[in-house]
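Thanks for asking me to take a look at this one. Here are my notes, written with the bench in mind.

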Amino acid sequence: MSTRKLACETTSGASRTATSRPRADRRHDSLHLPKLGRRGKKALDVIHLLAAAVWLGGYVLIFALLLVQGTGTPLPDPSVLDDLIATARLWAIAPSTFVLMATGLAYGLFTNWGFTRSTWVTVKWILSLAIVGASWHMPLTPTTVSVASAAIALVFVFSVAKPKLGKAKARGRASRS
């Protein structure tokens, strides 16, 4: 990293010399966040993947329960399915959503992935936030839950395949500097 000397004038009129980095290197100086090491990133990966599996599994479970509920299969107590759906939403989907968002923030802040460095990461964030927002406001029907499950599967595809969707604007500017 190259440095250059700047002459600065203090309020008393005396001049002093300061060292600064080139403008392109000072872009992200406001955060000063440490990056995770290899072990920290692996731990973050495991937590994120487990939460993602629980998130998708919760939606698949609710979908299956809604299908059973829609078949009209006689049950001793039909409210059992409603209780199971509410339990899956409360104990599987809600906590895993929180963990996913927290680990996603950690990826963005403490790894080199960032939030907008790659377009696929940005698309994944947008899809994830849309799923979370819609899932708390949509009625639980087999159709809406299957759409949510398909959208979650698409987020999984983006996570695994990391498609080249073009460079994000922030990265394009950084490469030109």
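The points below go from the overall fold to the helices, and then to the spaces between them.

1. First, a reminder that this is a predicted model. The protein chain has five helices and two strands, and reading along the sequence you get β-β-α-α-α-α-α. In other words, the two strands come before the five helices.

2. On the overall packing, 28% of the 177 residues in the protein chain count as buried. If you take contacts between residues at least 6 apart in sequence, 64% of them join residues at least 24 apart.

3. Now for H1, which covers residues 38-71. Does its length fit what you'd expect for a helix, or does it not fit? It fits: the 34 residues should span 50 Å at 1.5 Å a residue, and the end C-alpha atoms are 49 Å apart, so the two agree. Just past the end of H1, Gly72 has a positive phi of about 75 degrees.

4. Which residues of H1 are buried? They are Leu44, His48, Ala51, Ala52, Trp55, Gly58, Tyr59, Ile62, Leu65 and Leu66. As for the spacing, an α-helix has 3.6 residues a turn, so residues three or four places apart point the same way. The buried residues of H1 pack against H2, H3 and H4.

5. Leu66 is worth a click in the viewer. This residue sits in helix H1 and counts as buried because its relative accessibility is 7%, with the cut-off at under 20%. Leaving aside residues up to four places away in sequence, Leu66 touches Ile85, Leu140, Thr141, Pro142 and Val145. Ile85 belongs to H2, which runs over residues 79-110, while Val145 belongs to helix H4 (142-161). Try the pair Leu66 and Thr143 too: they are 77 residues apart along the chain, yet their C-alpha atoms are separated by 9.7 Å.

6. H2 takes in residues 79-110, 32 residues in total. From first C-alpha to last it reaches 45 Å, close to the 46 Å expected at 1.5 Å a residue. Where is the kink in H2 centred? Look at Arg89: the kink there is about 30 degrees.

7. Arg89 turns up again in the lining of the largest cavity, along with Tyr59, Ile62, Ile93, Ser135, Trp136, Met138 and Leu140. The elements that give two or more residues to this lining are H1 and H2. The volume of the cavity is about 50 Å³, and the structure holds one cavity of 30 Å³ or more. By class, the lining has six nonpolar residues, one polar and one charged. Two of the lining residues, Tyr59 and Ile62, are also on the list of buried residues of H1, and Leu140 is one of the residues that Leu66 touches.

8. Last, the second largest pocket, with a volume of about 540 Å³. Its lining has 23 residues, and the closest to the centre are His48, Tyr107, Trp120, Lys124 and Ser159. H1, H2, helix H3 (119-135) and helix H4 each supply at least two lining residues. Which helix gives the largest share? That would be H1, with six residues. Sorted by class, the lining comes to 13 nonpolar, six polar and four charged residues. His48, one of the residues closest to the pocket centre, is also among the buried residues of H1.

Methods:
Residues numbered from 1 in each chain as written. Predicted model: local features only at pLDDT ≥ 70, side-chain atom pairs only at ≥ 80, totals over all residues. Heavy atoms only, no water. Helix = DSSP H or I, 4+ residues; strand = E, 2+ residues; numbered from the N terminus. Expected span 1.5 Å × (residues − 1). Bend = angle between axes of the 7 residues up to and from the residue. 1 Å grid on protein atoms, 1.4 Å probe; cavity = no way out; pocket = protein on both sides within 12 Å on 5 of 7 lines; lining within 4 Å. Points joined across faces, edges and corners; volume = space filled by probe spheres on them. Nonpolar A, V, L, I, M, F, W, Y, C, P; charged D, E, K, R; others polar. Buried < 20%, exposed > 50% of the residue type's maximum accessible area, 1.4 Å probe, protein only. Contact = heavy atoms within 4.5 Å.
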